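This report describes a single protein chain, beginning with its surface and overall form and then turning to individual side chains.

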Amino acid sequence: MAQAQGLGKRYIKAFFRGFFVAVPVTVTFLDRVACVARVEGASMQPSLNPGGREASDVVLLNHWSIRNYDVQRGDIVSLV
């Protein structure tokens, strides 16, 4: 019984160590490199949302190329 409690404590410690490493890495990645966004509405039709109002597309927003000024003609730019 004591061995099972020690094993449970070890798993909890490992979980929290992984959690406190994974969360900052994920937040930094989403802020600096890329994030996922949903495009809804008719503003980008027919390129995005060709089905109309009932459909929504998911896109990957690349923060890295914006920071390096690597934007070319024909790229879609999202502003917040």
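## Surface and overall form

About 7,300 Å² of the protein chain is exposed, and carbon and sulfur atoms supply 61% of that area. The model is a predicted one. Of the 80 residues in the protein chain, 9% count as buried.

The protein chain contains two helices and two strands, and from the N terminus on its elements follow the order α-β-β-α. The radius of gyration of the protein chain is 21 Å, whereas the globule rule gives 12 Å for 80 residues; the value is well over that figure, so the protein chain is more spread out than a compact globule. Along its principal axes, the C-alpha trace spans about 65 × 35 × 15 Å. Among contacts in the protein chain with a separation of 6 or more, 47% are between residues 24 or more positions apart.

## Aromatic residues of helix 1

How many aromatic pairs does the structure hold? There are four aromatic pairs. One of them joins phenylalanine 15 to phenylalanine 16 in an edge-to-face arrangement, with 5.4 Å centre to centre and 70° between the planes. Phenylalanine 15 also pairs with phenylalanine 19, and this pair is stacked, with 6.1 Å centre to centre and 25° between the planes. The assignments follow from the angles: 70° is over the 60 degrees required for edge-to-face, while 25° is under the 30 degrees that bounds stacked pairs.

The sequence positions of the stacked pair can be set beside its geometry. Phenylalanine 15 and phenylalanine 19 both belong to helix 1, which covers residues 2-32, and they are four residues apart, about one turn of the helix. Phenylalanine 20 lies in helix 1 as well. Ring pairs link Phe15, Phe16, Phe19 and Phe20 into a cluster.

The accessibility of the four rings' residues is tabulated below.

| Residue | Relative accessible area | Class |
|---|---|---|
| Phenylalanine 15 | 52% | exposed |
| Phenylalanine 16 | 41% | partly exposed |
| Phenylalanine 19 | 38% | partly exposed |
| Phenylalanine 20 | 57% | exposed |

Phenylalanine 15 counts as exposed because its 52% is over the 50% limit. Phenylalanine 19, at 38%, counts as partly exposed because its value lies between the limits of 20% and 50%.

These phenylalanines also contribute to a wider surface feature. Ile12, Phe15, Phe16, Phe19, Phe20, Val23 and Val27 form a nonpolar patch on the surface, and together they have about 700 Å² of accessible area.

## Salt bridges

The count of salt bridges comes to two. In one of them, aspartate 31 is joined to arginine 32, and the closest N and O atoms are 3.8 Å apart. Aspartate 31 is partly exposed, with a relative accessible area of 42%, and arginine 32 is likewise partly exposed at 42%. In another, the side chains of arginine 38 and glutamate 40 meet at 3.5 Å, N to O. Glutamate 40 and arginine 38 are both exposed.

## Histidine 63 and glycine 41

Which residues does histidine 63 contact when its neighbours within four places in sequence are left aside? Histidine 63 is in contact with Leu30, Asp31, Arg32, Val33, Ala34 and Cys35. Among these contacts are the two partners of a salt bridge described above, aspartate 31 and arginine 32. Histidine 63 itself is found in helix 2, residues 63-67, and is partly exposed, with a relative accessible area of 25%. Histidine 63 and threonine 26 are 37 residues apart in sequence, and their C-alpha atoms are 14 Å apart in space.

Where does glycine 41 lie? Glycine 41 is placed in the loop between strand 1 (34-39) and strand 2 (57-62). With a relative accessible area of 27%, glycine 41 is partly exposed. The C-alpha atoms of glycine 41 and valine 77 are separated by 16 Å, and these two residues are 36 residues apart along the chain.

Terms used: Residues are numbered from 1 along each chain as its sequence is written. Side-chain values use heavy atoms; hydrogens and water are left out. Rings of Phe, Tyr and Trp (its six-membered ring) pair if their centres lie within 6.5 Å; planes under 30 degrees apart count as stacked, over 60 as edge-to-face and the rest as tilted. Buried means under 20% relative accessible area, exposed over 50%, partly exposed in between (1.4 Å probe, protein chains only). Patches are made of residues with over 30% relative accessible area and no salt bridge: like charges are joined within 9 Å, nonpolar side chains (Val, Leu, Ile, Met, Phe, Trp, Tyr) within 5 Å. Accessible areas come from the Shrake-Rupley method with a 1.4 Å probe; for residues, only the protein chains shown count as cover. A salt bridge is a side-chain nitrogen of Lys or Arg within 4 Å of a carboxyl oxygen of Asp or Glu. The radius of gyration is taken over C-alpha atoms; the globule rule is 2.2 Å times the number of residues to the power 0.38. Contact means heavy atoms within 4.5 Å.
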